[in-house]
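Please open the model in your viewer and keep the selection panel at hand. The tour below suggests what to select at each stop and says what you will find there.

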Amino acid sequence: MGNKRSFTFYLLIIPVLLWLLLMIVIPHADLLVSSFMAENDDGDLVFSFANYAEFFNQKIYWLTFVKTAAYSIFVTMLAFVVAFPIAFYLGKVASKKVASFLILLLLIPLWVGELVTVYGWIVLLGDNGVINHFLLWTGIIDEPITMLYTDFSMVIGLLYMSVLFMVIPVMSTLESMDDSLIEAACDLGASKWVIFTRIVIPYAMPGITSGSIIVFMLVVGNYLAPNLLGGKSSLWFTEQIYNSFLSTFNWNEGAAFGFLLLLLSSAIIWLALKLSGQKLEKVGT
Amino acid sequence: MIRSLPSSPLYRLAYGAYVFLFFAFLVMPLVVVSILAFNDSNFISLPWKGFTLDWFFANTDERQGLFADEGMLESIRTSFSTAFFVATLSTLVGTIAALLFEEEQFRFKGVLYFLALSPLVIPGVILGISILLAASSAGSYIEDSLGIDIELFRPSYGLVILGQFSFAATYVMLLVAARLKRFDRTLEEAALSLKATRLQAIWYVTIPFLRPAIIGAFVVAFILSFSNINTTIFLVGSDPTLPIDLYSRIRFSSTPVLNAVSFIIVLVITCVAVINGFISREER
């Protein structure tokens, strides 16, 4: 079997190696190296910490970084609060038929793509938007409320595009939960609050961790919602990267920012995996 | 709270209302843009001025509908062909990766598997800039040493395909591997004992079993490519994909044509989702 097996083995491993080396390893190595290169006084590219120094010296950069991290954690927690009742409903309360219809409904915004949904929120939230029109028409307000181009609209956009990634993993862990656990607790006189906080949520923890990691990653790396829905003050760190690359053409500085963002997301994900004792493989599935 | 337990009417009502509101929140942006695609007004939002198909078919100085908008049609064509190549390439490599990681044992398998999963947790923006950096380093190295300028190494159609492939292959791998886990290994062993080579066993036994997952993964990769912007924005050259085109229009010149395009995307995706729902129900 030796020879034949090894032929097939090479046939399988070579495309995979090419993919991972050329598209993942080398580009990220280049990102790291570029981030440590800067022009010296003669205009030559040399090894330097200037890009990182720039990050720490310019208040706007690290402030944006901190703000992005804080907002991302906030949106992740918000996604959990919003998604948990829905996940419980789909996994435990609704009948199979209703649940599969609702899951389809849940997936449609994801498949339609972020641009269309962000655009939809612009149409809804604008000063002349649908919601303001409706509120003015019903007489609840006399003047349009400013909702678009604020942190509020940005959070709505971020939540909208990420909440599904919390619902699905939590739902699938809850599906595998034995109903009799809840029934037993109920028979023993536990209140709903106790059942949820002491039984359901601990049971769903693996799903919650997976969901949180994916949501955080998507939110921290998001560009469209802060850019199109956020205001002048809601600067996102990805926008800094975008500016360095496509507006000021300082690629080395952009590489440093990119590497910092990668570090931030990896650190948070690592922390979440450590705290919950999970493996990365589980997150993907 | 669950089906087998009684709960108060108030609790049920409040819970039902919450679920209803959540799904209303989910479909509202899509429904609203779809309806406004037929609004006889030059602005993207309300008030409603009557029904019209102008934003699809008109071709006047004042209004140019979607099907008369050559730029938009061109970017739709670009997106379709990009998505087709990305889906083909990533289905091929992703399936190979699933076979490799599920069926073979070798050194550094864990490291390689970790790398193959990493696009799940690398923000798309980072993937975009690092591929752009590596491509331009390679490009300028080749140009300096050989004097040839290769288009693939500059932001271009080809680079977009490669960039989107780099993460789409991961999703294909996971989808195909999920089905491969349920594959009865003895079938392959039977083929081998009947003197099939390992390659023949994979091609005639394993791949046919994986076919539904492979088709599903192709569709997923196609949609991932079609809607991607975070990675694409750094790699795109002179021919924008649909999301890039929409992005610059939203920023600089919103017209109801955007509603018309959104409506068509929502329509197509809803059809795909419904068909997909039927297929997966039949499989069960």
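**Stop 1: where the two chains meet**

Begin by colouring the two chains separately in this predicted model, and then select the residues through which they touch: 71 residues of chain B are in contact with 77 residues of chain A. On the chain B side, the elements that contribute two or more residues are α1 (9-36), α3 (70-103), α4 (109-117), α5 (124-146), α6 (157-180), α8 (198-227), α10 (242-252) and α11 (257-283) of chain B. If you would like a single element to start from, choose α1(B), which with 12 residues gives the largest share of the side of chain B that touches chain A. Colouring that side by residue class will show 55 nonpolar, 13 polar and 3 charged residues.

**Stop 2: chain B as a whole**

Now hide chain A and display chain B as a cartoon, where you will find 11 helices and 0 strands, so that every element met on the way from the N terminus is an α element, in the order α-α-α-α-α-α-α-α-α-α-α. The C-alpha trace of chain B spans about 75 × 70 × 30 Å along its principal axes. Its radius of gyration is 24 Å, whereas a compact globule of 284 residues would have one near 19 Å. Of the 284 residues in chain B, 42% count as buried. Among the contacts in chain B between residues at least 6 apart in sequence, 70% join residues that are at least 24 apart.

**Stop 3: the two domains of chain B**

Next, give separate colours to domain 1 (1-68 + 254-284) and domain 2 (73-251), as the domain assignment of chain B has them. The centres of these two domains of chain B, taken over C-alpha atoms, are separated by 30 Å. How many residues does each domain bring to the contact? Domain 1 of chain B supplies 4 residues and domain 2 of chain B supplies 4 residues, and the domain 1 side is made up of 2 nonpolar, 1 polar and 1 charged residues.

**Stop 4: one residue in α11 of chain B**

Zoom in on B:Ile264, which lies in helix α11 of chain B. Is B:Ile264 buried or partly exposed? B:Ile264 counts as partly exposed because 16 other C-beta atoms lie within 10 Å, and a buried residue would need 20 or more. Select B:Ala37 as well, and you will see that the C-alpha atoms of B:Ile264 and B:Ala37 are separated by 9.5 Å, although these residues are 227 residues apart along the chain.

**Stop 5: chain A and a pair of its helices**

Finally, bring chain A back into view, with its 13 helices and 2 strands. The C-alpha trace of chain A spans about 80 × 75 × 30 Å along its principal axes, and buried residues make up 45% of its 285 residues.

Within chain A, select helix α9 (residues 192-220) and helix α12 (residues 251-276), which pack with their axes 10 Å apart at an angle of about 175°. Because angles over 145 degrees count as roughly antiparallel, α9(A) is roughly antiparallel to α12(A). To see the contact itself, show side chains including A:Met205, A:Ile213 and A:Phe216 in α9(A), together with A:Leu264, A:Ile268 and A:Ala272 among those in α12(A). By class, this contact of α9(A) with α12(A) has 10 nonpolar, 4 polar and no charged residues.

Conventions
Residues numbered from 1 in each chain as written. Chains lettered and ligands numbered in written order. Contact = placed C-beta atoms within 7 Å. Helix = DSSP H or I, 4+ residues; strand = E, 2+ residues; numbered from the N terminus. Nonpolar A, V, L, I, M, F, W, Y, C, P; charged D, E, K, R; others polar. Domains from an automatic or database assignment. Rg over C-alpha atoms; globule rule 2.2 N^0.38 Å. Buried ≥ 20, exposed ≤ 12 C-beta atoms within 10 Å, placed from the backbone. Axes fitted to C-alpha atoms, helices over the stretch in contact; angles between N-to-C directions. Parallel < 35°, antiparallel > 145°, perpendicular 65-115°, else oblique.
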